[in-house]
Amino acid sequence: MSEKKKGNPKSNKSTGLPRKRFYRARAHSNPLSDSHFPVPIAPSQVDYSLHYPHFFPSDETCNENCNSTINPEASILKPHSKKIQFADIGCGFGGLLISLSTLFPETLMIGMEIRDKVTEYVKERILALREANPGQYQNVSVVRTNSMKYIPNFFEKAQLSKMFFLFPDPHFKEKNHRRRVISPHLLDEYAYTLEVGGIIYTITDVEELGEWMKDCLEGHPLFEAIPEKELDSDPVVKLLSSATEEGQKVARNGGQTYLAVYRRIAISGTENGE
């Protein structure tokens, strides 16, 4: 992520935070269309120093044209002692990430968003928060990508401990159900990147989609539902409906939400799910 620019006209003069009206985009994007952005060929090609300079200092300075995800000299990257553990899929304007950043200050996390203007907003938001709060928000970043296609390009096997799918596009028409971000075949990929014991959090205000996501997770052999009593003590669950712009809108309108939280389990007879 490039250094924050001084006097950015898109930022609030008093807070330094970016103003959303300059970064508005279409509510949804077709994840099956071909988008043109760089994608790492392997997780080892993701340059952590560009995302988390506090944890991975680099002598190189990223200019405006620098890709904020990939190091072209991938062969020189050293194995990371610290790796991304949380992934917010379709992170929107980054509300959940910002809340999680202070709740888990030593955990690296990343938002994955397909819309370019929204991704730019989250980048600017993180940079502004880092500048205004020295030492904080150094563990959070964002990347523009299509997570339905490229999850294995960013994360190694069993790397993640939490994945979030908050208020995803419902794709109401039956012919478009294949675009849904939770599906049986995509759960195979999510299971690959989640460690045993890792958790998938999903929430929506669309009842039919809530049932769809729950059915997909319930039917997958590598996931099991987390008991409600355990969810009550999970501080993350409270953020799912309150930290995001969409969740706040549902609350203002008195809407109902449908939660499905599942744990990654091992294949029967093994400890690591291999």
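Biologist: Where does Ser 161 lie?

Modeller: In strand β4. Keep in mind that this is a predicted model.

Biologist: Is Ser 161 buried or exposed?

Modeller: Read the relative accessible area against a cut-off: buried means under 20%. Ser 161 has 12%, so this residue is buried.

Biologist: How far apart are Ser 161 and Arg 263, in sequence and in space?

Modeller: Two distances need reading here. Along the sequence, Ser 161 and Arg 263 are 102 residues apart. From C-alpha to C-alpha, the separation is 9.7 Å.

Biologist: Now the strands. In which sense do β1 and β4 pair?

Modeller: Look for bridges from strand to strand. β1 and β4 have three, in the parallel sense. Asp 88 stands opposite Phe 164, a residue of β4.

Biologist: And over how many bridges do β1 and β2 pair?

Modeller: Five, again with parallel pairing. β2 covers residues 108-113. Here the bridge partner of Asp 88 is Gly 111 in β2.

Biologist: Which helix does the chain cross through from β1 to β2?

Modeller: Helix α2, residues 95-103. The β-α-β crossover that results is right-handed.

Biologist: Why is β1 described as largely enclosed by the rest of the structure?

Modeller: Count the buried residues of the strand. β1 spans residues 84-89, and five of the six are buried, so the rest of the structure largely encloses this strand.

Biologist: On to rings. How many aromatic pairs does a search of the whole structure find?

Modeller: Eight. One of them is Tyr 48 with Phe 56, at 5.3 Å centre to centre and 80 degrees between the planes. Planes over 60 degrees apart count as edge-to-face, so that is the label to use. Tyr 48 and Phe 56 are indeed an edge-to-face pair.

Biologist: Is Tyr 48 buried or exposed?

Modeller: Buried, because its relative accessible area is 3%. Phe 56 also counts as buried, at 13%.

Biologist: What angle lies between the planes of Phe 165 and Tyr 190?

Modeller: 45 degrees, with 4.9 Å from centre to centre, and the pair is tilted. This pair links distant parts of the chain: Phe 165 is in strand β4 (residues 160-166), and Tyr 190 is in helix α5 (residues 184-193). They are 25 residues apart. Both Phe 165 and Tyr 190 are buried.

Biologist: Which residues do ring pairs link into a cluster?

Modeller: Phe 86, Phe 104, Phe 164 and Tyr 201. You met Phe 164 already, opposite Asp 88.

Biologist: A ring can also have a charge over its face. Which residue lies over the face of Trp 212?

Modeller: Arg 180, at 4.7 Å from the ring centre. Arg 180 is in the loop between β4 and α5. With a relative accessible area of 1%, Arg 180 is buried. Its side chain also reaches the backbone oxygen of Pro 170, at 2.7 Å.

Biologist: Where does UniProt place the feature "active site"?

Modeller: At Asp 169, according to an unreviewed entry. Treat such a label with care, because annotations may be inferred rather than shown by experiment. Asp 169 is found in the loop between β4 and α5. A polar atom of the Asp 169 side chain lies 3.0 Å from the backbone nitrogen of His 171.

Biologist: At which residues does UniProt place the feature "binding site"?

Modeller: The unreviewed entry lists several, including Asn 146 and Glu 245. Asn 146 sits in the loop between β3 and α4. At 3% relative accessible area, Asn 146 is buried. Glu 245 is in helix α9, residues 245-252. Its relative accessible area is 32%, so Glu 245 is partly exposed.

Biologist: Last, the backbone. What phi does Tyr 137 have?

Modeller: Read the sign, then the residue type. Tyr 137 has a positive phi of about 60 degrees, although it is not a glycine. This residue is in the loop between α3 and β3. Tyr 137 is buried, at 12% relative accessible area.

Biologist: And where does Ala 158 lie?

Modeller: In the loop between α4 and β4. Ala 158 has a positive phi too, near 60 degrees. At 35% relative accessibility, Ala 158 counts as partly exposed.

Conventions: Residues are numbered from 1 along each chain as its sequence is written. This is a predicted model: local features need pLDDT of at least 70, side-chain atom pairs count only at pLDDT 80 or more; totals for chains, interfaces and linings use all residues. Side-chain values use heavy atoms; hydrogens and water are left out. Rings of Phe, Tyr and Trp (its six-membered ring) pair if their centres lie within 6.5 Å; planes under 30 degrees apart count as stacked, over 60 as edge-to-face and the rest as tilted. Buried means under 20% relative accessible area, exposed over 50%, partly exposed in between (1.4 Å probe, protein chains only). Helices (H or I, at least four residues) and strands (E, at least two) are DSSP runs, numbered from the N terminus. A charge sits over a ring if NZ of Lys or CZ of Arg is within 6 Å of the ring centre and within 35 degrees of the ring normal. Two strands pair if DSSP finds at least two bridges between them. A crossover is right-handed if, with the strands pointing away from the viewer, the path from the first strand over the helix to the second runs clockwise. A polar contact is a pair of N or O atoms within 3.5 Å; within protein, one must be able to donate a hydrogen and the other to accept it, and residues adjacent in sequence count only if both atoms are side-chain atoms.
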